[in-house]
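Student: I am new to this structure. Please show me how to read a few of its features.

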There are 2 protein chains.
Amino acid sequence: VKYPIIQAGMAGGVTTPKLVAAVSNEGGLGSIGAGYMDAAQLRRHIQEVKKLTKNPFAVNLFTPPVYDASKDKIEKTNSRLQPFRDHLHISETTKIDKLTDSLFLEQIEVIFEEEVSICSFTFGIPSVEIIQRLKSRDIILIGTATTVEEAIANENNDMDMVVMQGSEAGGHRGSFIKPFEDSMIGTMALVPQASDVVTIPVIAAGGIAEGRGLVAALVLGAQAVQMGTAFVTSLESGVIDAYKEAIVNSHEDQTVVTSVFSGKPARGIQNEFISKMMDYEDELPEYPLQNSLTKSIRSEAAKQNITEWMSLWCGQSPRLTKRQSARQTMLELITQVEGLVKRS
Amino acid sequence: VKYPIIQAGMAGGVTTPKLVAAVSNEGGLGSIGAGYMDAAQLRRHIQEVKKLTKNPFAVNLFTPPVYDASKDKIEKTNSRLQPFRDHLHISETTKIDKLTDSLFLEQIEVIFEEEVSICSFTFGIPSVEIIQRLKSRDIILIGTATTVEEAIANENNDMDMVVMQGSEAGGHRGSFIKPFEDSMIGTMALVPQASDVVTIPVIAAGGIAEGRGLVAALVLGAQAVQMGTAFVTSLESGVIDAYKEAIVNSHEDQTVVTSVFSGKPARGIQNEFISKMMDYEDELPEYPLQNSLTKSIRSEAAKQNITEWMSLWCGQSPRLTKRQSARQTMLELITQVEGLVKRS
């Protein structure tokens, strides 16, 4: 990997093989957001990326959740979601997806079979056994942390690198030790404090969308940056045009952190679905149950171009994003960095 | 001013004349935190600083608040605070301080009489009339903003520079357009987006406590940085030792933003007073009323070394702070910056 730029492994169809390959082809590290994929989907994605690039790429997985399946919460929320389904003419019954140890183990098998060389994790650290199996095949492991304590846990559990996810970051919070409210640390504060404590390389994430943020992160002690929102708006990303348009037209003060879509806190653009559901935030079933309950609404809303009912994950730097190819974003990043280094 | 380093004008006795002068003497810009001072106190502080330095320094003022004095809220909160007062043996009756237009006008007169050359503001933008009077005397005006929209308002109202206060910052939030919850933007995201939109110089604040943050902020587009917490722990700062000790022993995930001390959201180290009062946060009288109600508790707790009942304002980078002279902090900053620039 030539440049210290990682395209975040965003799940839910953002990271098309074309996007991943474009970033890797330009010397960054593309990542397949495989959190919700079954074995067949993951295999297909990996094989397509391999056709499009000879360079390394990563697969991002969700560490399996432990959750309480309260029937009461599911039923209550289901009835609150029914008006959305009716309006969208969704007739099929809602299925609760398995997002369990067995899915995770299937994904890991695909990683082995397809000889993926880099694997990143969100929502906590996998079991010792899984880590040992991955490491025995020399797979590079990248963890995620939102506090210094979580960074230490990643280091102690043999992660090779750790993404420090600042509070600015779009999408799901990776917090796994303290509640997320206690783990909303700005990137400017998080990166130097983590770099001082852990010895594994730190990757800065959150609010970084172009060359200034990249250089600033390296100055703060990071060895690389991870960018998400900047690639959601790329031509190659898998989301609908209206979502990309919503990001480039948003301001830094128009995102919120909410659990209403998935049961887990995530940062996205404030919209009607959030406004309507946020009063019930404390009564939602946990992730991944809530994610299953809202799935048909989100995908049907996307089909019907109703961004007000979609999860529009977005970080706090939407003003810095552009609708252009990932290749163009990479080229601009590199040019900007060269300019900034020359200036100093 | 030789170096682009501003010591934040922290009110409540942090910014002793010695601290302000030490920063200015080393080529930074010291600031008197005059928000709560009456005319006599402010005059004395300015005169003492002038004795200790020939270099420029600033005075920070609070733009006068508009507030609703609900008698019911005052009485309810007063009774909830009584147990703290009893425990601390506070016998005098609580007085509601005036923190009004007339105090602000008195402070402005002192600024004129003492020929202060730089004046900064928190909690909004002063009236057109005040701004014109200050500008007619060539006083440099520095505003505070927490969103790009607020930065634009500062520029449109003739501020010469604007401090962009990121969500990491310790002490009071300067938000004055949207509710503070919508204005918690990380420094990494806030600075480049503001720099792109306003033409006046941007000063970065929030999470910056040493050379890495300073250089990173300049890379992001700031012309200078403002640091608060890093100077609270200085030998010259006016707070008690136990408070300084609490900061240097804190972690990045141990601060919260709370209104329980003053009626206005501010970031400080989580402690018992916050835990006990936070359930009533929605029922508190507004700033500055709540500030008056808790004043004797905070000052008596400081006298008795009970940090659990004090407001321990602190940003999200406490691990980067040191107990040393402000001069030493300034020297280290400059050395670090030179090292970082050489390395690049």
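Helices and copies

Tutor: Helix α7 (residues 187–197) of chain A packs with helix α8 (residues 211–220) of chain B at an angle of about 140°, their axes lying 11 Å apart. Therefore α7(A) is oblique to α8(B), oblique being an angle that is not under 35 degrees (roughly parallel), over 145 (roughly antiparallel) or 65 to 115 (roughly perpendicular). This is a predicted model, in which local features need pLDDT of at least 70, side-chain atom pairs count only at pLDDT 80 or more, and totals for chains, interfaces and linings use all residues. Side-chain values use heavy atoms, without hydrogens and water.

Student: Which residues of α7(A) and α8(B) meet?

Tutor: A:Met188, A:Pro192 and A:Asp196 meet B:Arg212, B:Gly213, B:Ala216, B:Ala217 and B:Leu220, where contact means heavy atoms within 4.5 Å.

Student: How are the two copies related?

Tutor: Two copies of a chain are related by a rotation about an axis and a shift along it. Here a turn of 180° and a shift of 0.0 Å along the axis lay chain B on chain A with an RMSD of 0.0 Å, superposed by least squares on C-alpha atoms of residues with pLDDT of at least 70 in both. The copies are thus related as by a two-fold rotation axis. In chain B, B:Ala216 comes closest to the rotation axis, at 2.1 Å (C-alpha).

Student: What does A:Lys178 form with B:Asp253?

Tutor: Side chains of opposite charge can pair when their charged atoms come close. A:Lys178 forms a salt bridge with B:Asp253, the closest N and O atoms being 3.5 Å apart; the term needs a side-chain nitrogen of Lys or Arg within 4 Å of a carboxyl oxygen of Asp or Glu.

Definitions and conventions. Residues are numbered from 1 along each chain as its sequence is written. Chains are lettered from A and ligands numbered from 1 in the order in which they are written. Axes are lines fitted to C-alpha atoms, for helices over the stretch in contact, and angles run from 0 to 180 degrees between N-to-C directions. Helices (H or I, at least four residues) and strands (E, at least two) are DSSP runs, numbered from the N terminus.
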